[in-house]
Amino acid sequence: GTYTVTYNVSDDFENEATAIRTVNVIEEPIYTCGATLVDFRDDEEYATVQIGSQCWMKENLRYTGNGCLFNAWNNNLPYNACRIHHAGEGNNQREFDQWTETQVLYQWGAAMNGSSTEGSQGLCPYGWYIATDNDWKELEKHAGMTQSQADATGWRGTNQGTQLKAASPLWEGTDQRGFKALPAGYRNGGSHLHYVGGTGRWWSSSPSDYNAWKRTINSIDTNIYRDTIEQFNGRSVRCLLGQ
């Protein structure tokens, strides 16, 4: 409904002022997965996809409005830096034929926006959150991994990586699940950009001591790598719609 709020203020010298504000409270619309998501903070648009019971962004997060672009990239807490790049940049780059979006690689603290709680919103839009290690496992199981394969570390599964990669002869993907994983590369502890066009690496919001769980998909591999890595590294981020 519509509400009127009246502010009456005064100071020690008996100066007084009144202000009236009208507040309209509306029901938040239900988001339909598959529709374009507009991030009201910077007007960036993201495609989304329903995969099993999960609603994923089918693009990597590109939000930098928390100031992470201007933070120093270093190997000490709070690991709150991020950097932008495009196709063809960085060391060991490889040409890629379906690259259009700007890519942002985040240190873990920047992606989490200062939180250390698994499943936090982090820098994701309102109503969305950074996928947890278990969320990634659910995605992988939907693509055909067994529970024991999903729980393992290192290279796991069979062709789940191929199913998640964007369709491209150079990326060797089929995009069978509509996830459209892109080879945005990665940054190491010194912020150096590597293997753009050849690998995609994503943070989860699940910490592990001073590390965090992540996923790796390579152009030449059909399966998916699961391990932890130091939080000062730079990785991509995917967001999930909250339940």
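Which residues of helix H2 (residues 133-142) are buried? In this predicted model they are Asp133, Asp135, Trp136, Lys137, Leu139 and Glu140, where buried means under 20% relative accessible area, exposed means over 50%, and partly exposed lies in between, with a 1.4 Å probe and protein chains only. Helices (H or I, at least four residues) and strands (E, at least two) are DSSP runs, numbered from the N terminus. Just after H2, glycine 144 adopts a positive phi of about 120°.

Because the model is predicted, local features need pLDDT of at least 70 and side-chain atom pairs count only at pLDDT 80 or more, whereas totals for chains, interfaces and linings use all residues. Residues are numbered from 1 along each chain as its sequence is written, and side-chain values use heavy atoms, with hydrogens and water left out.

**The four-stranded sheet**

An open sheet of four strands runs in the order E10-E15-E14-E13 with antiparallel pairing, two strands being counted as paired if DSSP finds at least two bridges between them. Strand E10 (154-156) and strand E13 (199-208) are the edge strands, each pairing on one side only. From one strand to the next the twist averages 30°, with axes taken as lines fitted to C-alpha atoms (for helices over the stretch in contact) and angles running from 0 to 180 degrees between N-to-C directions. Within this sheet, E14 and strand E15 (residues 224-230) pair in the antiparallel sense over six bridges.

Arginine 215 belongs to strand E14 (residues 211-218) and stands opposite arginine 226 in E15. Arginine 215 counts as buried because its relative accessible area is 0%. The side chain of arginine 215 makes a polar contact with the side chain of aspartate 133 at 2.8 Å; such a contact is a pair of N or O atoms within 3.5 Å, where within protein one must be able to donate a hydrogen and the other to accept it, and residues adjacent in sequence count only if both atoms are side-chain atoms. Aspartate 133 is itself among the buried residues of H2. Not counting residues up to four places away in sequence, arginine 215 touches a set of residues including Asp133, Trp136, Lys137, Glu140, Trp202 and Arg226, contact meaning heavy atoms within 4.5 Å.

Isoleucine 217 also lies in strand E14 and is buried, with a relative accessible area of 0%. Its C-alpha atom and that of tryptophan 202, 15 residues apart along the chain, are separated by 8.9 Å. Leaving aside neighbours within four places in sequence, the contacts of isoleucine 217 include Leu164, Lys165, Trp171, Ala181, Trp202 and Ile224. Serine 219 sits in the loop between E14 and E15 and counts as buried at 6% relative accessibility. Among the residues that serine 219 touches, again beyond four places in sequence, are Arg94, Lys165, Trp171 and Gly198.

**Aromatic rings and charges**

The structure holds eight aromatic pairs, defined for rings of Phe, Tyr and Trp (its six-membered ring) whose centres lie within 6.5 Å, with planes under 30 degrees apart counting as stacked, over 60 as edge-to-face and the rest as tilted. Two of the pairs are set out here.

| Pair | Geometry | Centre to centre | Angle between planes |
|---|---|---|---|
| Tryptophan 56 and phenylalanine 179 | edge-to-face | 5.3 Å | 80° |
| Tyrosine 186 and tyrosine 195 | stacked | 6.4 Å | 15° |

The pair of tryptophan 56 and phenylalanine 179 links distant parts of the chain, 123 residues apart, with tryptophan 56 in strand E6 (residues 54-57) and phenylalanine 179 in the loop between helix H4 (160-164) and strand E11 (186-187). Tryptophan 56 is buried at a relative accessible area of 0%, and phenylalanine 179 counts as buried at 0% as well. In the stacked pair, tyrosine 186 is buried at 15% relative accessibility, whereas tyrosine 195 is partly exposed at 40%. Trp56, Trp136, Phe179 and Trp202 form one aromatic cluster.

The charged end of lysine 165 sits over the ring of tryptophan 171, 5.2 Å from its centre, and that of arginine 226 sits over the ring of tryptophan 213 at 3.9 Å from its centre; the criterion is NZ of Lys or CZ of Arg within 6 Å of the ring centre and within 35 degrees of the ring normal.

**The hairpin of E1 and E2**

Strand E1 (residues 2-10) and E2 pair in the antiparallel sense over nine bridges, with valine 9 opposite alanine 17 in E2. The hairpin has five residues between the strands, and in it glutamate 14 takes a positive phi near 65°. Of the nine residues of strand E2 (residues 16-24), the number buried is zero, so E2 lies largely in the open.
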